[in-house]
Amino acid sequence: MSDPVAKACALVRAECHTFHLADDERYDQPTFRPENGLIFSKPGLAVVLVGINSGAVNTTVEVYRHPVGRPDTDEWDEVVDHSIESISGHMRVTSLMDDPPELPTLTPFGPGAYRVRVHARGRERAYDAHVSEPVEDYLLQIWPGRHEPDAVHKQTDQIGAMFRRAADQPVETPSPPPEDDWERKARARLRRHGN
């Protein structure tokens, strides 16, 4: 594996079981479909799923110019390669309620498709807790690469299994009221407004 062009470690604030990889000002979360139990995305934003409800997680970022080789999975509970797309070319690690950590730009080669390999461990240590000290670790390795299906290298934690089961559930959309009920409510609204 070649050396990374950028590498740094920082504490990242997680909120609501997530932290984000986001282009500037992109925080509208994609539909919750964590098929791989670890990361899901839409153009401009990726969501990494964590075990804690809120608090800091240890995060290392490594940015590469070329694809990295096979992962060393021995020290990790979950390892997944996932395709993301940067719209601005300025995607960074972010969180909902905090300033971005001091980590390098994930997409220094400009807008377009990238692959991110997410390594996770410790998601079961304090599931759904609010922690004051980090109990989870993440390694994000990222490089330019075309869009491909997820590559799952390891899946062993129960948190990932829970998220994968949630992804198998159909997305519920509210059904519209029967047409005659809708028409009746629309006529009542019109009468109230004097039309």
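Let's start with the salt bridges: the count comes to 9, where a salt bridge is a side-chain nitrogen of Lys or Arg within 4 Å of a carboxyl oxygen of Asp or Glu. Keep in mind that this is a predicted model, in which local features need pLDDT of at least 70, side-chain atom pairs count only at pLDDT 80 or more, and totals for chains, interfaces and linings use all residues. Residues are numbered from 1 along each chain as its sequence is written, and side-chain values use heavy atoms, with hydrogens and water left out.

Take D81 and R117, whose salt bridge has its closest N and O atoms 2.5 Å apart. D81 belongs to strand β6 and R117 to strand β8, so to speak of distant parts of the chain is fair: the two are 36 residues apart. Strands here are DSSP runs (E, at least two residues), helices are runs of H or I with at least four, and both are numbered from the N terminus. Where do D81 and R117 sit, buried or exposed? D81 counts as buried at 6% relative accessibility, and R117 is buried as well, at 4%. Buried means under 20% relative accessible area, exposed means over 50%, and partly exposed is in between (1.4 Å probe, protein chains only).

Now move to R121, also in strand β8, which spans residues 112–121. One of its partners is E75, and their side chains meet in a salt bridge at 3.7 Å, N to O. E75 is in the loop between β5 (54–63) and β6 (78–86), 46 residues away from R121. With a relative accessible area of 58%, E75 is exposed, whereas R121 is partly exposed at 21%. R121 also forms a salt bridge with D137, this one at 3.2 Å from N to O. D137 lies in strand β9 (residues 137–144), and the pair is 16 residues apart. D137 itself is buried, at 16% relative accessibility. Elsewhere, E78, R123, D157 and R164 are joined into one network by salt bridges that share partners.

R121 has a ring to deal with, too: its charged end sits over the ring of W76, 4.1 Å from the ring centre. For that label, NZ of Lys or CZ of Arg has to be within 6 Å of the ring centre and within 35 degrees of the ring normal.

What about ring against ring? There is 1 aromatic pair, formed by F19 and Y138, and it is edge-to-face, with 5.5 Å centre to centre and 80 degrees between the planes. The rule takes rings of Phe, Tyr and Trp (its six-membered ring) with centres within 6.5 Å; planes under 30 degrees apart are stacked, over 60 edge-to-face, and the rest tilted. F19 is in strand β2 (residues 18–22) and Y138 in strand β9, so the pair ties together parts 119 residues apart in sequence. F19 and Y138 are both buried.

S54 is another buried residue, at 7% relative accessible area, and its place is in strand β5. Leaving out residues up to four places away in sequence, S54 touches R13, A14, E15, A129, H130 and V131, a contact being heavy atoms within 4.5 Å.

Stepping back, the protein has 2 helices and 10 strands, running β-β-β-β-β-β-β-β-β-β-α-α from the N terminus on. Of its 195 residues, 47% count as buried. Among contacts with a separation of 6 or more, 79% come from residues 24 or more positions apart.
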